[in-house]
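Me: I would like a close look at a single part of this model. Please take the sheet and go through its pairing step by step.

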Amino acid sequence: MPIRLSSPTSRLMIDPQLGGAVTAFDVLAQDDWHPVFAPCRPSARSDPTQSSCFVMLPWCNRLSAH
């Protein structure tokens with residue numbers, strides 16, 4: 001079940017089943033909600049890289065000894 005965090009001027013949706021991926025982040029400006037990140041794609045339910053934002057832990061890409 002997604003977690004919603006909100007304040008009077010922002011709202012954030014996080015999906016723990018996707019490793020904490022952000023599925024939506026909106027801010028209130030001029031009496032209307034505006035997305036900060038691109039909307040989460042329907043395919044993100046099985047692929048976190050299709051979400052609005054995802055955590056890359058413990059690292060991403062290649063590691064080097066140098």
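To begin with, which residue in strand 3 is the bridge partner of Leu12?

Reply: The bridge partner of Leu12 in strand 3 is Phe25. This is read from a predicted model. The pair belongs to the contact between strand 2 and strand 3, where 6 bridges join the two strands and the direction is antiparallel. Strand 3 covers residues 21–29, and strand 2 covers residues 10–15. The connection between strand 2 and strand 3 is a hairpin with 5 residues between them. Gly19 lies in that turn and has a positive phi of about 75 degrees.

On the strand 1 side, strand 2 is again in an antiparallel pairing, here with 5 bridges to strand 1. Two of the partners can be named: Ser7 is matched with Ser10 of strand 2, and Ser6 is matched with Arg11 of strand 2. A hairpin leads from strand 1 to strand 2 through 2 residues.

These two contacts are part of an open sheet of 4 strands, ordered 1-2-3-4, with antiparallel pairing. Strand 1 (3–7) and strand 4 (32–35) are at the edges; each has a single partner strand, so one side of each has no neighbour in the sheet. From one strand to the next, the twist averages 20 degrees. As general background, the strands of a sheet pair through backbone hydrogen bonds, in either a parallel or an antiparallel way. In this sheet the pairing is antiparallel, and the Leu12 and Phe25 pair is one of its bridges, between strand 2 and strand 3.

How values were computed: Residues are numbered from 1 along each chain as its sequence is written. This is a predicted model: local features need pLDDT of at least 70, side-chain atom pairs count only at pLDDT 80 or more; totals for chains, interfaces and linings use all residues. Side-chain values use heavy atoms; hydrogens and water are left out. Two strands pair if DSSP finds at least two bridges between them. Axes are lines fitted to C-alpha atoms, for helices over the stretch in contact, and angles run from 0 to 180 degrees between N-to-C directions.
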